[in-house]
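Work through the following exercises with the coordinates open, and compare each step with the solution given below it.

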Amino acid sequence: MTTRLSSTFTRCAAEDRAALVTFVTGGDPTPEATPAILDALVAGGADVIELGMPFTDPMADGPAIQRANLRSLGAGTTTIKLLEIAADFRKRHPDFPLVLMGYANPMVRRGPLWFAAEAAKAGIDGVICVDVPPEADDALGPALRSAGIDLIRLATPTTDAARLPTVLEGASGFLYYVSVAGITGLQQAAQASIESAVARLKAATTLPVAVGFGVRTPEQASAIARVADGVVVGSAIVDLVGQHGAGAPGPVKDYISTLSAAIRGARQEKAA
Amino acid sequence: MTIKNSLRAQPDERGHFGQFGGRYVAETLMPLILDLEREYRAAQADPAFDAEFRSLLTHYVGRPSPLYFAERLTEHLGGAKVYLKREELNHTGAHKINNCIGQILLARRMGKTRIIAETGAGQHGVATATVAARFGLPCTIFMGSVDVARQQPNVFRMRLLGAEVRPVESGAKTLKDAMNEALRDWVANVHDTFYIIGTAAGPHPYPELVRNFQSVIGVETRAQMLEAEGRLPDLLIAPVGGGSNAIGLFHPFLDDPDVAMIGVEAAGHGIETGQHAASLAGGSPGVLHGNRTYLLQDEDGQITEAHSISAGLDYPGIGPEHSWLHENGRVTYEPCTDDEALAAFQTLCKLEGIIPALESAHALAVAERIVPTLDKDKIVVVNVSGRGDKDIFTVADSLGVKL
């Protein structure tokens, strides 16, 4: 089935480049400020947006995204408001892939069926849930799949060959390779380890493989873009939002443009 | 012996106690959690593991802890006979050490070389630092900076024992944030680090293995009561934060239909004020820290702050087995306010010469409520889960006394 996610990765592959996958925390610094930040991501050349659902207890996130979660919740972001932000984005950008990313409790609070139905209504293409591993799939997976939403799974350096089939079972959209055993926004993995991991994952699945955690500079993005189908950047964008607040769209757009240019040039450099 | 429809057969192979429990962790931790489960199953089947655990409980912890007939408290209340299970006499002054001994033996078995733990009041931190010292492993304790400030004596104890105490500045800077930070550290150090969780909560197999290590409380109580009275008790009462001392006392009695059980939740300033730590009385099911259980949360699933005068009960969740025992009705859960606990704290000091932990004082308060309504031939056991030396500053403050 063709979806906004699959057609985006297909188009990027046809252009011989990786997709630029960008993360921001929804409602940071305020729910009112988020639409302009999302538009800046699009204008800067992002290919996919992961809209973070704020949570009081973001166990897998580093300081940057922790603070963003607190700013967002402090500004009164609710699940309903976040879904409205998504629905409005969908009206402005009918074809742009939009993914919700967050933790299980806000997603299952009103029941997984409610969440899946409302997310589908808001035009959400996929969901990444940090603390629902394949073993807990029934908490969320069946509801999302029956609503036509991709459940995007995470693979990590600790996901060994024996476990990988479990992760891939029921995965769709793309596979998110968390390149560092750690929390978001701190260190980056060695390029060699990323390359061997991507090769291993791509041998096991036809899903596009996007690589994230610790990616900040155009150079890092470019290096990953040579081997992966997607490059995920999160904390660096969230830092810009933290620094510039409601004035973030300009700096965010400029930053994304540099990443986008680096990714578009990555495989040409290699060929040259 | 396997009893049909036994209440002691939980969790299932995926770690579920009915709809509760499970494993809700990041993918990075999943292989490690599965490893831990494999290693725990192997340890359970290894008589040498159990022998070493028993030996340390006897010679290092000082078990069995006495089951003490509280004669003057019984007389004062004028109803059922009250026995106290004296967990406060254990090494480090609380039940926490039972579990820490078991988990550090698992850590060593898995070849892990570094220990981490979270702590609220500092009791679990002290117990963890103690076993880490005993086994010569470096140890980092995560503690909310608010708790670091109000629990200085325990912070110093942990440091004396060689542990690094890392103050946590995120969130509300209390126990749940310490647990978040411990999980973040663990994710980044999976190759060499063992996380000693302090209560019967977290991802499977933690709720099960903590319960099993703490079940020594109930197993001893059962034998001691049969020896003292020739029969089982009529009622067990224990305080419940995460609920490890309570599940340790209750579990060996779950299939004895004539033994009633009450878990006591911290009602803080009162359930109606919203300032409490009673997840069952004032919360609803959700997912946090690796398990599905009752939580204090708002309509969007955001976790709300807990309040209790007892730092050990100041947590917005509860172990998943308690959620299950609450829903199936086998155990009754009762709230107890800060004020009631403070009164019971003083009563036990004066009548029995025992300074209980504020956690345990919550159970004693409910005993004072119920025991007078029971006939004199009934028997009640209250778990004195810890000693109250750590709480004297809090109690003095509440009584308006300056130390």
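**Exercise 1.** Decide whether Thr25(A) is buried or exposed in this predicted model, and place the residue in its surroundings.

*Solution.* Begin with the relative accessibility of Thr25(A), which is 3%; because buried means under 20%, Thr25(A) counts as buried. Next, locate the residue in the chain: Thr25(A) belongs to strand β1 of chain A, which covers residues 19-25. Finally, list the contacts, leaving aside residues up to four places away in sequence: Thr25(A) touches Gly52(A), Pro54(A), Ile65(A), Ala68(A), Asn69(A), Ser72(A) and Val238(A).

**Exercise 2.** Classify the aromatic pair of Tyr176(A) and Phe213(A), and state which parts of chain A the pair ties together.

*Solution.* A search of the whole structure yields 12 aromatic pairs over all chains. In the pair of Tyr176(A) and Phe213(A), the centres are 6.4 Å apart and the planes stand at 80 degrees, an edge-to-face arrangement. Tyr176(A) lies in strand β7 and Phe213(A) in the loop between β8 and α10, so the pair ties together parts that are 37 residues apart in sequence. As for accessibility, Tyr176(A) is buried at 4%, and Phe213(A) is buried at 12%.

**Exercise 3.** Carry out the corresponding analysis for Phe49(B) and Phe213(B).

*Solution.* Here the centre-to-centre distance is 6.4 Å and the angle between the planes is 35 degrees, which makes the pair tilted. Phe49(B) sits in helix α2 and Phe213(B) in helix α9 of chain B, 164 residues apart, and both residues are buried. Extending the view to further ring pairs, one finds that Tyr40(B), Phe49(B), Phe53(B) and Phe213(B) are linked into a cluster.

Definitions and conventions:
Residues are numbered from 1 along each chain as its sequence is written. Chains are lettered from A and ligands numbered from 1 in the order in which they are written. This is a predicted model: local features need pLDDT of at least 70, side-chain atom pairs count only at pLDDT 80 or more; totals for chains, interfaces and linings use all residues. Side-chain values use heavy atoms; hydrogens and water are left out. Helices (H or I, at least four residues) and strands (E, at least two) are DSSP runs, numbered from the N terminus. Buried means under 20% relative accessible area, exposed over 50%, partly exposed in between (1.4 Å probe, protein chains only). Contact means heavy atoms within 4.5 Å. Rings of Phe, Tyr and Trp (its six-membered ring) pair if their centres lie within 6.5 Å; planes under 30 degrees apart count as stacked, over 60 as edge-to-face and the rest as tilted.
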